[in-house]
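Visitor: Could you walk me through the pockets here, please?
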Amino acid sequence: MPIVSHEVFPLFVEPYFRANIAGTITPQQIAFIKNLKMVNNMENLISENLYIFEEPELKSIKDAVQDVLDIYGREVLCIPQKIHVTQSWSLICNPNVGMHGHSHSNSILSGSLYYSELPSPPASMIFTRHVSYQQIDLPPDPSKRNIYNTPINRITPKQDDIILFSSRLTHLVEQNTSAEPRHSIAFNTFIKGKLGNYRDVSELVI
């Protein structure tokens with residue numbers, strides 16, 4: 001019997017969220033972050049302090065990030081709980097350096113903040129669809145990739161962007177092919193509020 005029609009429908013969608021907070025980061029804050037003590041992080045550099053948003057000098061940046069998280073929780077996840085930053089740290093990818101593929105444990109959403117001018121080209125973030133080892137890998141024809149079959153997606157940041165994404169997603173940063181360092185801040189989040197239901201004995205207050 002011949003097939004007379006066929007359709008494809010999305011079953012789930014994995015979003016990422018981009019917001020721009022231009023005008024909220026001062027030159028003094030940029031200098032403060034760039035002067036943080038950095039240590040080796042496999043390929044790139046990471047700040048020794050992994051709670052930089054707790055620094056008084058960065059309070060207004062933390063507040064701006066919280067405003068973005070509030071929008072995401074309210075308008076994308078549509079949840080009553082509040083999403084808040086847990087750890088936060090600075091990253092530097094020097095010329096010819098990228099960042100290894102990884103995901104973030106004990107976090108719901110992760111984020112990147114591009115607080116200063118980016119080099120040209122800025123080096124993209126690469127996201128991998130698969131979160132586990134693929135014993136059978138069936139990559140699509142590169143010319144026919146689409147939202148349903150692509151194994152990776154690329155996001156190119158701009159200065160003052162905040163990028164939010166699911167912490168479970170494996171991601172990496174392309175090699176910095178410019179002559180200038182690539183600066184960013186990364187952060188993890190968790191929720192505050194009540195989960196579950198008292199009568200179902202599933203209640204959890206965080």
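Guide: Strands, written β, are DSSP runs of E with at least two residues, numbered from the N terminus. The model is predicted, so to speak of local features takes pLDDT of at least 70 and side-chain atom pairs count only at pLDDT 80 or more, while totals for chains, interfaces and linings use all residues. Residues are numbered from 1 along each chain as its sequence is written, and side-chain values use heavy atoms, with hydrogens and water left out.

Visitor: Which strand gives the most to the lining of the largest pocket?
Guide: That is β8, with four residues. A pocket is an open set of points on a 1 Å grid over the protein atoms alone, where a 1.4 Å probe fits and protein lies on both sides within 12 Å along at least five of seven lines, and lining residues have an atom within 4 Å of a point.

Visitor: How much space lies in the largest pocket?
Guide: About 600 Å³, and of its 21 lining residues the closest to the centre are Val 13, Glu 14, Arg 129, Ile 147 and Asn 153.

Visitor: And what is the volume of the second largest pocket?
Guide: About 190 Å³, and its lining includes Trp 89, Met 99, His 100 and His 102.

Visitor: Which strand supplies the largest share there?
Guide: β5 does, with three residues; β5 (99-102) and β4 (82-93) each supply at least two.

Visitor: How many charged residues are in that second lining?
Guide: The lining of the second largest pocket has no charged residues, with four nonpolar and seven polar.

Note on methods:
Points joined across faces, edges and corners; volume = space filled by probe spheres on them. Nonpolar A, V, L, I, M, F, W, Y, C, P; charged D, E, K, R; others polar.
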